[in-house]
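Good morning. I will take you through one structure today, starting with its sheets and ending with a few backbone details. Please have the sequence and the model open.

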Amino acid sequence: MPEAGYQVPAAARWLGSGLLGIALLLFPWSLALEVSVGKATTITAVNGSDVLLPCTFSTCMGFENLHFWWTFNSTEEYKNLLDGTVKNEKSEPKIRSNIDPRIELAGSVKEKKNNISILIHFLEFSDKGKYTCRVKNPKEKNAQHEATISLIVVEKLVEVDNTVTIIIVSVVGGLIGFLIVFMLIKKFITFIIKKTQEKKKECLVNSSGNDNTENGMAGSKAEQKATPKL
Ligand SMILES: *[C@@H]1O[C@H](CO)[C@@H](O)[C@H](O)[C@H]1NC(C)=O
Ligand SMILES: *[C@@H]1O[C@H](CO)[C@@H](O)[C@H](O)[C@H]1NC(C)=O
Ligand SMILES: *[C@@H]1O[C@H](CO)[C@@H](O)[C@H](O)[C@H]1NC(C)=O
């Protein structure tokens with residue numbers, strides 16, 4: 001019996017590693033390195049402020065002399081921003097060139113963070129555009145990976161209009177409140193009706209009981225009257 005319990009996970013594991021093996025054979029580099037800018041693909045920031053453009057990479061096969069660089073693409077221009085290398089998992093990224101003093105490499109590769117985010121100081125309206133972080137790993141035949149993030153620079157952040165949400169919440173809340181009150185009233189009315197019916201029943205029982213006792217008493221009286229006669 002316990003054998004049956006072990007057979008299924010073992011089979012699943014074999015199937016899983018088999019599929020992974022096939023995937024690795026068919027797409028050897030697709031699983032090797034990934035570049036990510038996180039969930040948000042658009043960042044909105046206020047001019048004059050500092051903004052962090054996140055980028056991390058993950059690799060399951062390790063890296064050596066990894067090359068990374070950031071590019072900027074706007075309607076006006078396309079340029080390389082910052083460029084550097086990371087020797088291995090144990091070393092910090094080294095910047096080779098950085099054309100903009102307002103840009104700073106943030107994050108670290110140590111502790112498996114693989115973080116090559118950049119920080120832009122004193123945002124200007126002309127910073128609006130697409131920022132792409134790119135990674136090239138010689139260990140995987142120099143395959144290149146990239147992720148893009150859009151930056152929007154605004155004069156001031158507009159507060160999110162919550163009116164619709166508030167209306168929906170109020171309506172739903174109101175409906176739930178109404179339902180609760182309705183249920184309470186229904187319960188109360190049912191209770192009253194039940195009580196009135198019980199009272200009516202009690203009256204009926206009482207009156208019939210009275211009737212019975214009267215009859216019985218009358219009958220017994222008659223009997224009682226009859227007994228002394230004997
Ligand atoms: C942002 O830009 C506006 C318009 O150019 C300007 O008035 C404002 O001072 C700027 N804010 C900062 C923090 O630089
Ligand atoms: C820059 O962005 C535009 C618009 O998305 C695109 O057509 C163009 O190919 C990009 N340039 C480069 C060099 O990637
Ligand atoms: C990358 O490093 C920056 C600066 O230290 C940090 O703010 C950010 O959260 C890090 N991102 C990740 C995904 O760890």
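Before the first sheet, two terms. Two strands pair if DSSP finds at least two bridges between them. Helices (H or I, at least four residues) and strands (E, at least two) are DSSP runs, numbered from the N terminus.

A word on the source. This is a predicted model, in which local features need pLDDT of at least 70 and side-chain atom pairs count only at pLDDT 80 or more, while totals for chains, interfaces and linings use all residues. Residues are numbered from 1 along each chain as its sequence is written, chains are lettered from A and ligands numbered from 1 in the order in which they are written, and side-chain values use heavy atoms, with hydrogens and water left out.

Now the overall picture. The chain holds 2 helices and 11 strands. Read from the N terminus, the order is α-β-β-β-β-β-β-β-β-β-β-β-α. There are 230 residues in the chain, and 25% of them count as buried. Buried means under 20% relative accessible area, exposed over 50%, and partly exposed in between, with a 1.4 Å probe and protein chains only. The exposed area of the chain is about 16700 Å², and carbon and sulfur atoms supply 63% of it. Such areas come from the Shrake-Rupley method with a 1.4 Å probe; for residues, only the protein chains shown count as cover.

Let me start with the sheet of 3 strands. It is open, has the order 3-9-8, and its pairing is antiparallel. Its edge strands are strand 3 (51–53) and strand 8 (103–105), each of which pairs on one side only. From one strand to the next, the twist averages 25°. For such angles, axes are lines fitted to C-alpha atoms, for helices over the stretch in contact, and angles run from 0 to 180 degrees between N-to-C directions. Strand 8 and strand 9 (residues 118–120) run antiparallel and are joined by 3 bridges. Opposite Ile 103 stands Ile 120 in strand 9.

Next, the sheet of 6 strands. It is also open, with the order 2-11-10-5-6-7 and mixed pairing. Strand 2 (42–46) and strand 7 (94–98) are at the edges with a single partner strand each, so one side of each has no neighbour in the sheet. With direction ignored, neighbouring strands here are turned by 20° against each other on average.

Which strands does strand 10 pair with in the antiparallel sense? One is strand 11 (residues 143–154), over 9 bridges. Another is strand 5 (residues 66–73), over 7 bridges. On the strand 11 side, Thr 132 stands opposite Thr 148, and Val 135 stands opposite His 145. On the strand 5 side, Trp 69 has Arg 134 as its bridge partner. Is strand 10 enclosed or open? Of its 9 residues, 7 are buried, so strand 10 is largely enclosed by the rest of the structure.

Strand 10 also takes part in a disulfide, meaning a pair of cysteine sulfur atoms within 2.5 Å. A search of the whole structure finds 1 disulfide. It joins Cys 55 to Cys 133, with 1.8 Å from S to S. Cys 55 lies in the loop between strand 3 and strand 4 (56–59), and Cys 133 in strand 10 (residues 129–137), so the pair ties together parts that are 78 residues apart in sequence. Both cysteines are buried.

On to the core. A nonpolar core is a set of buried Ala, Val, Leu, Ile, Met, Phe, Trp, Tyr and Cys residues joined through side-chain atoms within 4.5 Å. The largest one has 30 residues, and Leu 53, Trp 70, Tyr 131 and Leu 151 have the most contacts inside it. Contact means heavy atoms within 4.5 Å. Leaving out residues up to four places away in sequence, Tyr 131 touches, among others, Leu 53, Trp 70, Ile 120 and Leu 151.

Last, the backbone. Most residues other than glycine have a negative phi. Asn 65 is not a glycine, yet its phi is positive, about 50°. It is found in the loop between strand 4 and strand 5 and, at 44% relative accessibility, counts as partly exposed. Phe 122 also has a positive phi, near 45°. It sits in the loop between strand 9 and strand 10 and is exposed, with a relative accessible area of 56%. Finally, the hairpin of strand 10 and strand 11 has 5 residues between the strands, and Lys 141 there takes a positive phi near 55°.
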